[in-house]
Amino acid sequence: MTLAEVLAGATEYLAARGVAHPRLDAELILARALGLTRIELYTQHDRPLTEAERAAARSLVQRRGRREPLAYVLGDWDFRHLTLKTDPRALVPRPETEVVVERCLALLDGLDAPRVVDVGTGTGAIALALAHERTDARVWATDASVDALELARENAEALGLDVQLVHGDLLAGLEGPFELVVSNPPYVGADEIPDLEPEVRDWEPRSALVDEGQTERLARAARDVLDGFIVLEVHEARAVEVAAALTALGYAGATVGRDLAGRDRVVEAEWRATRS
Ligand SMILES: C[S@@+](CC[C@H](N)C(=O)[O-])C[C@H]1O[C@@H](n2cnc3c(N)ncnc32)[C@H](O)[C@@H]1O
């Protein structure tokens, strides 16, 4: 079979299993299995594949057909300027979280060597992007999941980025002052889980998804370590509520920002250590 025939077959296979972008996923998987770029898939489309090449592609396509997230099948995923190792130990970093990093960078602008903590770091996405894009920042990252933290450590080492990784609940064990506390905490209601896409519902860690009050607990705890800004990724239906909660806790200037799809997704506010 030629590469074009295998690609067409893989696309059909993934489409029949409900994959949202079957052609794109088939191309990315084939390119990875064959060690080619996506352009080379087209320049080599008449090339017959060896049995070994077909077997390598088949096993990845079958995984995707079981609705395993593409990022887990490929084993890595781009986040801002970084390529992060991704596997079921942590949530796949999302484009909306890139907007969270954008807001953090804007708020840190003009501050010298800011101290920053990313709470619930997962793959390390936010912390590592900040360390990469603000090379003068001192960055901490926490997670309650040992598995996630291990993945974050592997990413930090592979990228040569210096982030202090701390295992524990929210900010436990950390001493301020921090100029920035950022978090993308779990924010899916337990009742919403059955309606999620299989990629999320069946594969991503439940502890990274289900809201168990982490956002509010973090907003309270951050006041003890913060002299600066808190930036939270939130459920689009709860952004206004979270902003109001921050105001009620004594934060100043709580505002809601949108993600690239126009959904209310980022809440930020300010806390000064002089306030009490
Ligand atoms: C939605 S994921 C975000 C992962 C990553 N920051 C990102 O944006 O891709 C939430 C993360 O918070 C962690 N987490 C959940 N509860 C926590 C807690 N009480 N303390 C610290 N981390 C927690 C989960 O293990 C998970 O890695």
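**Close-up 1. Polar contacts around the ligand in the predicted model.** In this predicted model, a polar backbone atom of Leu170 is placed 2.8 Å from a nitrogen atom of the ligand. The backbone of Ala144 also takes part, with an N or O atom lying 3.1 Å from a nitrogen atom of the ligand, while from Gln214 a polar side-chain atom lies 3.2 Å from a nitrogen atom of the ligand. The ligand is surrounded by 18 residues, of which Gly120, Asp143, Asp169, Leu170 and Asn184 come nearest.

**Close-up 2. The largest nonpolar core and the elements that build it.** This core is made up of 32 residues, and those with the most contacts inside it are Leu130, Val163, Leu180, Val182 and Val231. At least two core residues are supplied by each of the strands β2 (82-85), β4 (138-143), β5 (163-167), β6 (178-183) and β7 (226-233), and likewise by each of the helices α6 (95-108), α7 (125-133) and α8 (146-159). A second core, separate from this one and comprising 25 residues, includes Trp140, Phe178, Val234 and Tyr251.

**Close-up 3. Leu130 and Val182 within the largest core.** Leu130 is a residue of helix α7 and counts as buried because its relative accessibility is 1%. Beyond its neighbours within four places in sequence, Leu130 is in contact with Val101, Cys104, Leu105, Val116, Leu180 and Val182. Between Leu130 and Val116 there are 8.6 Å from C-alpha to C-alpha, with the two residues standing 14 residues apart in sequence. For Val182, when residues up to four places away in sequence are not counted, the residues touched are Val100, Cys104, Val117, Asp118, Val119, Ile126, Leu130 and Val231.

**Close-up 4. Surroundings of Thr123.** Thr123 is placed in the loop between β3 (115-119) and α7, and its relative accessible area of 2% means that it is buried. Apart from neighbours within four places in sequence, the contacts of Thr123 include Leu84, Lys85 and Thr86, then Ala90, Leu91 and Pro93, and also Leu128, Leu151, Ala152 and Asn155.

**Close-up 5. Helix α8, its two sides and its ends.** From its first C-alpha to its last, α8 reaches 20 Å over 14 residues, close to the 20 Å expected at 1.5 Å a residue. The buried residues of α8 are Ala148, Leu149, Leu151, Ala152, Asn155 and Ala156; they lie on the same side of α8 because they cover an arc of only 160° around the axis. These buried residues pack against β2, α7, β4 and β5, whereas Val146, Glu157 and Ala158 are exposed on the other side of α8. At the N-terminal end, α8 is capped by Ser145, with a side-chain oxygen 3.3 Å from the backbone nitrogen of Asp147. Gly160, with a positive phi near 65°, follows α8.

**Close-up 6. Helix α12 and the elements that cover it.** In helix α12 (residues 239-248), the buried residues are Ala239, Val242, Ala243 and Leu246; viewed down the axis of α12, they fall within an arc of 100° and therefore line one face of the helix. Among the elements covering these buried residues are α11 (214-222), β7, β8 (252-258) and β9 (264-271). The exposed residues Val240, Glu241 and Ala248 are carried on the face of α12 that is turned away from its buried side. Following α12 is Gly250, for which phi is positive and near 105°.

Definitions and conventions:
Residues are numbered from 1 along each chain as its sequence is written. This is a predicted model: local features need pLDDT of at least 70, side-chain atom pairs count only at pLDDT 80 or more; totals for chains, interfaces and linings use all residues. Side-chain values use heavy atoms; hydrogens and water are left out. A nonpolar core is a set of buried Ala, Val, Leu, Ile, Met, Phe, Trp, Tyr and Cys residues joined through side-chain atoms within 4.5 Å. Buried means under 20% relative accessible area, exposed over 50%, partly exposed in between (1.4 Å probe, protein chains only). Helices (H or I, at least four residues) and strands (E, at least two) are DSSP runs, numbered from the N terminus. Contact means heavy atoms within 4.5 Å. The expected span of a helix is 1.5 Å times one less than its number of residues. The arc is that of the directions from the helix axis to the C-beta atoms. A polar contact is a pair of N or O atoms within 3.5 Å; within protein, one must be able to donate a hydrogen and the other to accept it, and residues adjacent in sequence count only if both atoms are side-chain atoms. A residue is near a molecule or strand if one of its heavy atoms lies within 4 Å of it.
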